[in-house]
Amino acid sequence: MSLRPFLNRLAPSGRFWIISLPYLWLGLFFLLPFVFVLKISFSEAELAIPPYTPMFEWVDSVLNMRINLGNYQWLLEDPLYLQAYWNSIRMAFISTLLCLLIGYPMAYAIARAPKHLQPAWLLLVLLPSWTSFLIRVYAWMGLLSNNGIINNALMGLGLVDAPLTMINTNFAVYVGVVYSYLPFLVLPLYANLVKHDTTLLEAAADLGASRTKTFFTITLPLSINGMVAGAMLVFIPVVGEFVIPELLGGTETIMIGKVLWQEFFSNRDWPVASALAVIMVLILLVPIALFHHFQSKEVSR
Amino acid sequence: MSDNVANEASDKSTATGKNSRSSQEALLKIRKLTKYYGEALAVDDISLDIHRGEIFALLGASGSGKSTLLRMLAGFETPSSGHIYLHDQDISTLPANKRPFNMMFQSYALFPHMNVEKNIAFGLQQDRSMSKPAIAERVNEMLKLVHMEKYARRKPDQLSGGQRQRVALARALAKHPQLLLLDEPMGALDKKLRTRMQLEVVDIIERVGVTCVMVTHDQEEAMTMANRIAIMDEGFIQQIGSPVDVYESPQNRMVAEFIGSINIFEADIVADEEGHIILHSPLLDRQIYVGRGVSTPIDEKAMLFAIRPEKTFLSLTEPEDQYNWTRGIVDDVAYLGGHSVYYVRLKGGKRIQCVLANTERRAIRPTWEDEVFVHWRSDAGMVMRP
Amino acid sequence: MMRAPRFSFVNIAFWMGIAFLYLPMFVLVVYSFNESRLVTIWSGFSVKWYAELFQDKQLMTAVWRSLQIAFYSATSAVVLAIFASIVVVRIKTFRTRRVFTTAITAPLVMPDVIIGLSMLLLFVAMTQMIGWPEQRGMTTIWVAHTTFCLAYSTVVISSRLIEMDRSIEEAAQDLGASAMTAFVRVTLPLIMPAVLAAWLLSFTLSLDDVVIASFVTGPGATTLPIEVFSSVRMGVTPKINALATLIILVVSLVALASWFISKRYNDKVAVALKSERS
């Protein structure tokens, strides 16, 4: 009998622990790892297991802390890395623009489709993204290769004499990125556009604005939240993309995700890979903040 | 004007009729109840008793604290300070699922994935001691009470608004609650249905004999359904009384203006005699003679004189009385069928409202820009402290 | 409602976009039935690559392993996501809610290489400090996948939970149900479609991941995407086409089925919720 009050007192705290479990999980497996990335980016590569020097060491009963800025210096000195960062940002930016150009009309078409068709149309756009990402990129390998379907078709029609070089170029990477990330942009954009009050368009038409004019003065400004949120959903992962440049890109495609992968797996230089990651996170902070800002604006609307 | 007299009489009779059913014994005592949300004060030091068997309405605008008070009674909010006693037992901190109170929610909050039967049975099933046949029997009883036997297997989304309300009421009554809480009971219904359901709900509540506290922003609803009304504003109670009390004898300007329409004038006392007082308002042509309605001893000179539009008369000719009339110009007329509301501009520019019952089909009535005379009986107005 | 005409610019753009999304997959599927080893030249119909696929023991082991990881990751992510969603929805002030939502959805907007690298470094450090995980493999992949699936699942489940009329749960408590009973008997059935959707999404995400798994995996724990990736790097083979076709088939069937089920359920609940509110 004396156990019950004790258990009762424990119960609310038990509930507290269950409720906070996901946050503990995230803290442990998502936030804490960044501390280690930061830590290891300040150490030196070593032929050991794990392949880096410890940051803290006891030398003659004195705790020594070693911070090695060499990795960062190395990144700044070798133009390869700066080139990789710049390329990644540029390619992410251009492919985000391409996604917007293709995705906006699609999202708009779904939002303006008859109500009962909208879910089906949306499903049509999203379905490919549920199948394997890897397979979607792989599909383009077969299409774009020198003796691939597109080249065969072009030569068969007599449009070109020799096969166009498409695979292993930046062009192929753009195609792959747009193809893979398009649904991620269409979804938030559609969610925004479908909430628009259509009487606004009627009001604009009533006041004498043409369809085009109405679109640019009413619809487009109102959809800015969805556009930015969707664009960031493409931009951020593309900056760190590895699979697409690896499979479709060539030697000219130097993207930071690929460089990081090579430093880590081929050169086994964990500290440089960590430093690359730290700088990448710093670069991405702005777009991530943008995403959350516009996303929460969108949600609170 | 005969219309109004009749209304008043029927109001009184129903009010007393309802009163007879409730005893003066307090079922629930609320003492110094206060609720803060962070810095904001939602309920401010409220003390009141709920009598056994009565229907008690909390009436106020949104943000007046009425919903917070109801939620504290239900157990969804814990008071910042103060107590709620049920039969002299403090239940202020008892969680909602342990209180013998049940609520009919504004949205009805019917469980969309359960049919009518299961919705009503839900509360009974929480009581472990109740057998299955007993539950089934009680569910049938409740279905019969609200005339929903035919719809027992329907899901809430297959019911009309009125039917949903009946199910919500049956669900709340199934557990024999000591107190029934109604949150904006007609809030989700359209106007036509509302009047019908008000009477139907009161009928069911009276048949069951349960004590009831309701929250509403609709004064008509409160007056139709409740025995006693508490007018709430900014977290505290301005006045408690029967529908007749709060309408005919409002204690202050807030109550007077909240319930119905009223014309209020600032006036000075010029004579305070046995049985009557005389006031002067610079806006009115003649002095005001008040024969009754002055219950509190008056020590200040500046007072408010208030009169309801339906207690004034309009005429095109000058009255012969010495007191209680004024001259004005008709500014606007709103013809509402049963009666017309006249907006009359007085000489100071103030606009007052007068109601004229349309007892004749096409009588000659004052119209725009006519000079009219507004007059009233000596017992029609009220005197209040400013 | 101002509706675009049937052959308007946006509608043409939409169907061209759809063609862009589906044609490559269509070609992939067609060429999986090609007899020739050369994937780009059609030489006749054959299902021999499918037969070869099922005889590839190494690949089949990887498939089974990936399915297991996906099942466990999706399940644990969804359970955690339900808790996380309750927290997010219960918070009343908009600002605090935003902080919690941002925290839980952070993995959503983080490149895979960074998640993979940082998780691996954590596991290495943990092994050094507390001796766990002893060896990297299925367990570490499960932890990593649960983490990012948790973010996706929370978005799906919490958006549904926020939509729900809070008074339905209060009504259950008012009728005498404990907080636990109210959740299990009322809230959970109402958010079930979202929970299922979150599970399926997590399952496919886990089944699809190559980058994070490559970082945190250990000896002998090759998953299907890692296996596919390493063979795809060598070039296009009809066997992979056959595998891709099977994956596309399974995923579309599951997706379509779950879409129809949840649509039917959603429509009913949406009607109920809407009419409750109006």
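Two residues are in contact if their C-beta atoms, placed from the backbone, lie within 7 Å. This is a predicted model, in which local features need pLDDT of at least 70 and side-chain atom pairs count only at pLDDT 80 or more, while totals for chains, interfaces and linings use all residues. Residues are numbered from 1 along each chain as its sequence is written, and chains are lettered from A and ligands numbered from 1 in the order in which they are written.

**Exercise 1.** Find which of the two pairs of chains that touch has the most contacts, and describe the side of chain A that touches chain C by class.

*Solution.* Begin with the pairs: the most contacts are between chains A and C, where 72 residues of chain A meet 66 residues of chain C. Next, look for the largest share of the chain A side, which is the 14 residues from helix α1 (residues 3-41) of chain A; helices are DSSP runs of H or I with at least four residues, and strands are runs of E with at least two, numbered from the N terminus. Then sort this side of chain A by class, which gives 56 nonpolar, 14 polar and two charged residues. Here Ala, Val, Leu, Ile, Met, Phe, Trp, Tyr, Cys and Pro count as nonpolar, Asp, Glu, Lys and Arg as charged, and the others, Gly among them, as polar. Finally, turn to chains A and B, which no contact joins and whose closest C-alpha atoms lie 14 Å apart.

**Exercise 2.** Work out how helix α5 of chain A packs against helix α1 of chain C.

*Solution.* First take the geometry: α5 (residues 133-144) of chain A and α1 (residues 9-31) of chain C pack at an angle of about 75 degrees, with their axes 9 Å apart. The axes are lines fitted to C-alpha atoms over the stretch in contact, and angles run from 0 to 180 degrees between N-to-C directions. Because angles of 65 to 115 degrees count as roughly perpendicular, α5(A) is roughly perpendicular to α1(C). Then list the residues that meet, among them Trp140(A) and Leu143(A) from α5(A), and Met25(C) and Tyr31(C) from α1(C). By class, this contact has eight nonpolar, one polar and no charged residues.

**Exercise 3.** Trace the order of the five strands in the open sheet of chain B.

*Solution.* The order is β13-β12-β11-β14-β20, with antiparallel pairing, where two strands pair if DSSP finds at least two bridges between them. β13 (288-290) and β20 (382-384) of chain B stand at the edges with a single partner strand each, so one side of each is left without a neighbour in the sheet.

How values were computed
Parallel < 35°, antiparallel > 145°, perpendicular 65-115°, else oblique.
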